[in-house]
Amino acid sequence: MRRGLMVAFAIGIGMVSAFTSTGRSQSVFEKLVTLGPLVAGHAKLEKECDNCHAPFSPTAQSQLCLACHKDTRAQRQMRTAFHGRDPQALTQECYHCHTDHKGRNADILLFDPETFDHGFTNFPLRDAHAAVPCSDCHAQTAKYTAAGRRCFDCHKASDPHKGRLGETCNDCHFETVWRRVKAFDHEKTKFRLQGAHPTVACASCHVSERYKDIGAACMDCHRIQDVHGGRYGAKCDSCHDQNKWSTIHFDHDKATKYPLRAAHAKVGCDSCHTGDLYRDKLATSCVSCHRKDDPHQGKLSSRCEQCHSEANWRRVVSFDHDLARFPLIGRHAIVPCEECHSSLAFKGTPLACVSCHPDQHHEGRLTLNCGLCHNPNSWARWRFDHDKQTRYPLTGAHRDVNCQACHAAKNVSKITLATDCYSCHRQDDVHGGSLGRSCERCHTTTSFKPVGKPP
């Protein structure tokens, strides 16, 4: 009977050869000697053997497998994942591990989780991951290769940041202990931590763990601490230092047209800049800031620097009184201003001597023009030349006569004394006026008693 079967088989081969080419007859032959049903995944290819088999060429079969399984072909080409990293999976023919024709329910993967070396995959199991069950990462209904390789793919549901820190968890966390956090390199961000910033807690700037779209300007974090109330704008770093906020490095001398000298250098910014720093332009004159402090009430002009200095406003002034209508000469130069100027307005002060020096000695008999006799070097050192300064030279006994003997009228504005003898010596006339008023015809100024011959 066995011989009969062989004969029938040979006849069949001959008939096939009669009607088809050699290659086609080989395919038919292979169909006749099939080893059994394919697995469920390949069932639709069962009637087309040439999808998986090259006639009488076992080495070409893997190329046909890879033509269909493109993901495996990519692994081999890129030397990645299991089929690109495991030496055997990379070089051996596919059928060495995955044999088919074993029935619809056959397992042709031959995958053993207990012995599988995860180190040949794109995700080697390190540290805490080595003790994690396969089912925690690989779903039963999905391919093993479908499991994600990123932390976020498995830990998204347990992410305490709710995705606000992105999906690259390994930037901060370790695989050994998840709660152990790496030192985040803030230098790689757009805001380098300088000065006192490295010691600030992350949550102080990243409220509610918000890390995206965080402003880099000082005011974005320190607006509530702005003691200027926004009047100085948002360029805090133009004045303040990141090492210590109270340290101010703004150079008013170089950055502005108004250098701060002497006492001005110690004045607080808000003393002058009471409004908006950029909108309100300040004048540089003294009165623009000190008008309400002006004790002169604006009557001495607005050029305060003519008298005062920036070192000490109340110090001795440098006013040149010689430029005024009353130059200070003699002892006047050392007299305090208040002695003559009762008002800080320094206006309306009379120039006459008696306005400061009441005439208690002459009582106005010699007019108010004290300068005719006295000089500012010393009041007692007076000098008056009656012979040259008047039309009545003092001769003889007249030189020893007290001024008040002739100048008896008080508070006169002009001296208008008569120059004849009789105007002063009427009471001394023993003649009772009988000889007239021309006394000088007989008498001399040396002595009234000797009498000369009348002319």
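Colleague: Which elements cover the buried residues of H4?

Modeller: This is a predicted model, and in it the cover over the buried residues of H4 includes H3, helix H5 (81-85) and helix H6 (87-91).

Colleague: How should I read the way H3 sits against H4?

Modeller: Start with the general idea. Two packed helices are described by the angle between their axes and the distance between the axes. Here, helix H3 (residues 61-68) packs on helix H4 (residues 70-78) at an angle of about 110°, and their axes are 5 Å apart. That makes H3 roughly perpendicular to H4, since angles of 65 to 115 degrees count as such.

Colleague: Nice. Which residues of H3 and H4 meet?

Modeller: From H3 come Leu66, Ala67 and Cys68, and from H4 come Lys70, Thr72, Arg73 and Arg76. By character, the residues of this contact divide into 3 nonpolar, 1 polar and 3 charged.

Colleague: And which residues of H4 are buried?

Modeller: Thr72, Gln75 and Arg76 are buried in H4. Looking down the axis of H4, you find its buried residues within an arc of 95°, so they line one face of the helix. Gln77 and Met78, on the other side of H4, are exposed. Just after H4, look at Arg79, which takes a positive phi of about 55°.

Colleague: Let's try a loop residue. Is His228 buried or exposed?

Modeller: His228 has a relative accessible area of 16%. Buried means under 20%, so His228 is buried. You'll find His228 in the loop between helix H9 (218-222) and helix H10 (252-255). Leaving aside neighbours within four places in sequence, His228 is in contact with His240 and Asp270.

Notes. Residues are numbered from 1 along each chain as its sequence is written. This is a predicted model: local features need pLDDT of at least 70, side-chain atom pairs count only at pLDDT 80 or more; totals for chains, interfaces and linings use all residues. Side-chain values use heavy atoms; hydrogens and water are left out. Axes are lines fitted to C-alpha atoms, for helices over the stretch in contact, and angles run from 0 to 180 degrees between N-to-C directions. Helices (H or I, at least four residues) and strands (E, at least two) are DSSP runs, numbered from the N terminus. Angles under 35 degrees count as roughly parallel, over 145 as roughly antiparallel, 65 to 115 as roughly perpendicular and the rest as oblique. Contact means heavy atoms within 4.5 Å. Ala, Val, Leu, Ile, Met, Phe, Trp, Tyr, Cys and Pro count as nonpolar, Asp, Glu, Lys and Arg as charged, and the others, Gly among them, as polar. Buried means under 20% relative accessible area, exposed over 50%, partly exposed in between (1.4 Å probe, protein chains only). The arc is that of the directions from the helix axis to the C-beta atoms.
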